[in-house]
Amino acid sequence: MAINAPRVQPGSFLTLHYRLSGPRGDVVDTFDGQPATLTLGNGELAPAVEQRLLELPEGTRATFELPAGEAFGQRNPGLLQWVSRKLLQREGDPGEAYEAGEVVQFSTPDGQGRYAGAIVEVRAGGAGEEGAVLLDFNHPLADLSIEFEVEVE
């Protein structure tokens with residue numbers, strides 16, 4: 001790292017490797033693959049994570065601990081929602097046999113983006129019922145303490 005290396009500022013265009021680890025192990029890791037390229041402040045990283053990057057000099061490798069809920073917020077019970085099997089078949093593979101733990105992708109209402117929910121419970125349809133799936137749309141790291149390791153290139 002050069003003594004007068006440029007420092008990360010709001011709006012900086014960054015190339016970095018990072019690892020986000022929760023108490024159950026690594027969740028996101030770019031050290032073994034392509035680095036992430038992003039603009040700080042565009043919402044590509046959680047605000048608390050972005051705050052840790054400010055003023056880091058180029059070439060720095062650092063590790064930060066983020067307390068439970070700071071990086072990805074608190075779990076919101078309102079983000080647990082029952083979804084009909086009919087909707088899942090329309091959004092995904094009609095023949096899919098959904099199981100707890102799987103992640104399902106949905107299109108945003110405008111069709112321009114995607115969002116995901118983790119399956120918590122599956123209810124089979126009975127006579128005249130189509131069945132439903134309980135999805136958790138909270139971030140998988142919500143309510144968890146996080147270790148954030150980063151190398152700014």
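Two strands are taken as paired if DSSP finds at least two bridges between them. In this predicted model, strand E1 (residues 13-22) and strand E3 meet that criterion, pairing in the antiparallel sense over four bridges. Within this pair, leucine 16 of E1 stands opposite alanine 36 in E3. Strand E3 covers residues 36-39, and its two faces are unlike in cover: Ala36 and Leu38 make up the covered face, whereas Thr37 and Thr39 lie on the uncovered one. In a regular strand the side chains alternate between the two faces of the sheet.

The protein contains two helices and nine strands. Their succession along the sequence is β-β-β-α-β-β-α-β-β-β-β. The radius of gyration is 19 Å, well over the 15 Å given by the globule rule for 153 residues, so the protein is more spread out than a compact globule. The C-alpha trace spans about 70 × 30 × 25 Å along its principal axes. Of the 153 residues, 35% are buried, that is, have under 20% relative accessible area. The accessible surface comes to about 9100 Å², and carbon and sulfur atoms account for 49% of this surface. Among contacts between residues at least 6 apart in sequence, 59% join residues at least 24 apart.

An open sheet of four strands is arranged in the order E5-E8-E7-E6, with antiparallel pairing. Strand E5 (80-84) and strand E6 form the edges, each pairing on one side only. Neighbouring strands of this sheet are turned against each other by 45 degrees on average, with direction ignored. Strands of a sheet pair through backbone hydrogen bonds, either parallel or antiparallel.

The pairing of E7 can be followed on both of its sides. Towards the edge strand, five bridges join E7 (residues 114-123) to E6 (residues 103-107) in an antiparallel arrangement. One of the residue pairs in this ladder is that of valine 103 with alanine 118 in E7. Strands E6 and E7 form a hairpin with six residues between them, and glycine 111 in the turn has a positive phi of about 75 degrees. Towards E8, strand E7 is again joined by five bridges, and the two strands run antiparallel. Here isoleucine 119 stands opposite leucine 135 in E8, and valine 122 stands opposite valine 133 in E8.

Positive phi values also occur at residues other than glycine. Most residues other than glycine have a negative phi, and most peptide bonds are trans. Glutamate 55, which is not a glycine, has a positive phi of about 75 degrees. Glutamate 55 belongs to the loop between helix H1 (47-53) and strand E4 (61-66). With a relative accessible area of 41%, glutamate 55 is partly exposed, as this value falls between the 20% limit for buried residues and the 50% limit for exposed ones. Aspartate 143 likewise is not a glycine and has a positive phi, in this case of about 70 degrees. The location of aspartate 143 is the loop between strand E8 (132-136) and strand E9 (146-152). Aspartate 143 is also partly exposed, with a relative accessible area of 30%.

Terms used:
Residues are numbered from 1 along each chain as its sequence is written. This is a predicted model: local features need pLDDT of at least 70, side-chain atom pairs count only at pLDDT 80 or more; totals for chains, interfaces and linings use all residues. Side-chain values use heavy atoms; hydrogens and water are left out. Buried means under 20% relative accessible area, exposed over 50%, partly exposed in between (1.4 Å probe, protein chains only). Axes are lines fitted to C-alpha atoms, for helices over the stretch in contact, and angles run from 0 to 180 degrees between N-to-C directions. The radius of gyration is taken over C-alpha atoms; the globule rule is 2.2 Å times the number of residues to the power 0.38. Contact means heavy atoms within 4.5 Å. Accessible areas come from the Shrake-Rupley method with a 1.4 Å probe; for residues, only the protein chains shown count as cover.
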